Amino acid sequence: MTKLSVWMFAINFCLQVGLLYSQDPFGQRPPEFNSAEIAADGRVTFRIHAPNAKSVRLSGSDFPGVPQQGIEFTKAEESGVWECVTPQLPGGAYRYRFNVDGVAVVDPKSGSTSESNGNTWSLLTVPGSAYSDLRDVPHGAVARIDYHSASLNRFRRLHVYTPSGYESGKEKYPVLYLLHGAFDCDNSWSTVGQANQILDNLIAEGRAKPMIVVMPAGHTGTFAFGPSNNFQQQMTEFVKDFQESVRPLIESRYRTIEDASHRAIAGLSMGGAQTIDIALSHLDHYGYVGVFSSGVFGIDRGGPEGDAQRAWENRFSNALDDPELKKGLKLIWFATGRDDFLIGTTRASVDAFKSHGFQVTFHETDGGHTWNKWRDYLHEFAPLLFQ
């Protein structure tokens with residue numbers, strides 16, 4: 001082939017590729033636009049090209065000032081681009097999706113996502129957080145780990161944060177096991193929860209000890225609320241998987257300090273209830289326990305003989321009333337917002353622990369059952385560990 005032939009082939013190929021990518025499947029090139037544009041005042045403009053859609057809404061549970069039904073988009077008829085603008089948003093991470101004619105879709109203009117319980121969301125980070133913004137500090141790493149669960153006899157997944165310097169060093173580290181809620185998964189704390197950035201910043205400031213953070217999957221099967229839910233069964237299965245597979249895996253694979261004073265566990269909502277179960281099952285194994293927006297589920301509902309509190313006290317009577325098991329417990333820490341639907345559960349749980357001689361720290365804050373608060377709680381809780 002002559003040089004001229006090669007050049008003609010190359011030009012023709014480029015023209016064909018350019019033609020292919022300049023058109024959509026209907027032969028029209030979409031207009032140029034940006035989605036998720038963050039203004040200086042914290043308002044966000046979302047856009048999507050959907051020329052044939054009848055309606056578009058923004059959905060996302062944690063947007064302050066946004067009604068539960070979301071925000072209605074308006075359409076530019078000439079371009080087919082739909083647009084909406086949010087109220088001013090505080091700094092932090094937010095999950096969102098577009099509801100296009102009743103179908104939930106991620107933002108096709110964004111490659112940043114966050115998984116929840118069986119779903120994927122687009123992820124938006126609004127700058128301006130005092131503690132979770134990405135800063136010019138040494139950064140740790142988050143790894144996805146696949147493992148085989150002995151009790152469930154199948155492969156499972158977890159995520160692990162290691163602090164800056166872990167890979168190049170030889171020292172051992174304390175461990176925080178950090179559990180997610182019912183609508184989340186093991187990916188959630190390191191995406192919308194920004195746990196790695198919160199720890200990076202705290203460690204760089206000298207306010208928190210360098211630590212390993214383990215974020216396991218709290219669901220053991222399909223989960224849904226309602227009369228047919230299998231919540232208690234999954235709770236039991238998760239605790240067994242945690243004790244028989246997760247902790248042994250971490251302590252064999254990572255350089256951990258294996259004593260109670262260097263081991264913490266915390267969780268939000270469902271993960272908070274799991275935290276209580278795991279901690280009370282082996283109270284002498286944990287020096288620090290954190291419960292965010294949670295407690296002993298059902299404990300505030302009263303009821304006849306055999307109610308939730310009595311059943312819980314009977315189940316964990318040894319840990320609740322044995323002073324020897326409590327000796328290594330340095331901190332049991334609760335935090336829940338006054339607008340949280342589980343505030344009654346938290347208050348009753350704190351009272352129950354105090355009635356059994358535990359020294360409980362309880363922060364009753366503003367806010368509700370949202371990631372905006374759970375990031376706050378991690379930021380407050382982490383500096384208290386391993387000091």
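In which sense do β3 and strand β4 pair, and over how many bridges? Keep that in mind as you open the viewer; the model you are looking at is predicted.

**The whole chain**

Start with everything shown as a cartoon. The chain holds nine helices and 18 strands. Of its 387 residues, 49% count as buried. Among contacts with a separation of 6 or more, 73% join residues 24 or more positions apart. If you switch on a surface, about 18800 Å² is exposed, and carbon and sulfur atoms supply 52% of that.

**Stop 1: strand β3 and its partners**

Select residues 56–59, which make up strand β3. To settle the opening question, β3 and β4 (residues 71–72) pair in the antiparallel sense over two bridges. Show leucine 58 and you will find its bridge partner in β4, isoleucine 71. Now add residues 92–100, strand β7, which pairs with β3 in the antiparallel sense over four bridges. Here arginine 57 stands opposite asparagine 99 of β7.

Next, turn on the side chains of β3. In a regular strand the side chains alternate between the two faces of the sheet. Val56 and Leu58 point to one face and are buried, while Arg57 and Ser59 point to the other and are not.

**Stop 2: a four-stranded open sheet**

Colour β1, β2, β6 and β5, in that order: these four strands form an open sheet with antiparallel pairing. β1 (37–38) and β5 (74–76) stand at the edges with a single partner strand each, so one side of each has no neighbour in the sheet. Then pick out β2 (residues 44–49) and β6 (residues 81–85), which run antiparallel and are joined by five bridges. On this pair, select arginine 47 and you will see glutamate 83 of β6 opposite.

**Stop 3: arginine 156**

Move on to strand β12 (residues 154–162) and select arginine 156. Is this arginine buried or exposed? Arginine 156 counts as buried because its relative accessibility is 9%, under the 20% cut-off.

Follow the polar atoms of its side chain. One lies 2.6 Å from the backbone oxygen of alanine 217, and the backbone oxygen of histidine 219 lies 2.5 Å from a polar atom of the arginine 156 side chain. Leaving aside neighbours within four places in sequence, the residues in contact with arginine 156 include Asp146, Tyr147, Phe238 and Asp241.

**Stop 4: the nonpolar cores**

Now show Ile265, Leu280, Trp312 and Phe353 as spheres; of the 43 residues in the largest nonpolar core, these touch the most other members. Helix α3 (residues 231–253) gives the most to this core, with six residues. Apart from it lies another core, of 32 residues, and Val192, Ala195, Leu268 and Tyr288 are among them.

Return to tryptophan 312 and display what it touches. Not counting residues up to four places away in sequence, its contacts include Ile276, Leu280, Val296, Ile299 and Phe353.

**Stop 5: helix α8**

Finish on helix α8, residues 343–355. Its 13 residues should span 18 Å at 1.5 Å a residue, and the end C-alpha atoms are 18 Å apart, so the two values agree. Among the buried residues of α8 are Ile343, Val350, Ala352 and Phe353. To see what covers the buried residues of α8, display elements including α4 (270–281), α5 (308–315) and β17 (331–337). Last, click glycine 357, which follows α8 and has a positive phi, near 85 degrees.

Conventions
Residues numbered from 1 in each chain as written. Predicted model: local features only at pLDDT ≥ 70, side-chain atom pairs only at ≥ 80, totals over all residues. Heavy atoms only, no water. Buried < 20%, exposed > 50% of the residue type's maximum accessible area, 1.4 Å probe, protein only. Pairing = 2+ DSSP bridges. Polar contact = N/O pair within 3.5 Å; in protein donor to acceptor, adjacent residues only side chain to side chain. Contact = heavy atoms within 4.5 Å. Core = buried A, V, L, I, M, F, W, Y, C linked by side-chain atoms within 4.5 Å. Areas by Shrake-Rupley, 256 points an atom, 1.4 Å probe, with all protein chains shown as cover. Expected span 1.5 Å × (residues − 1).
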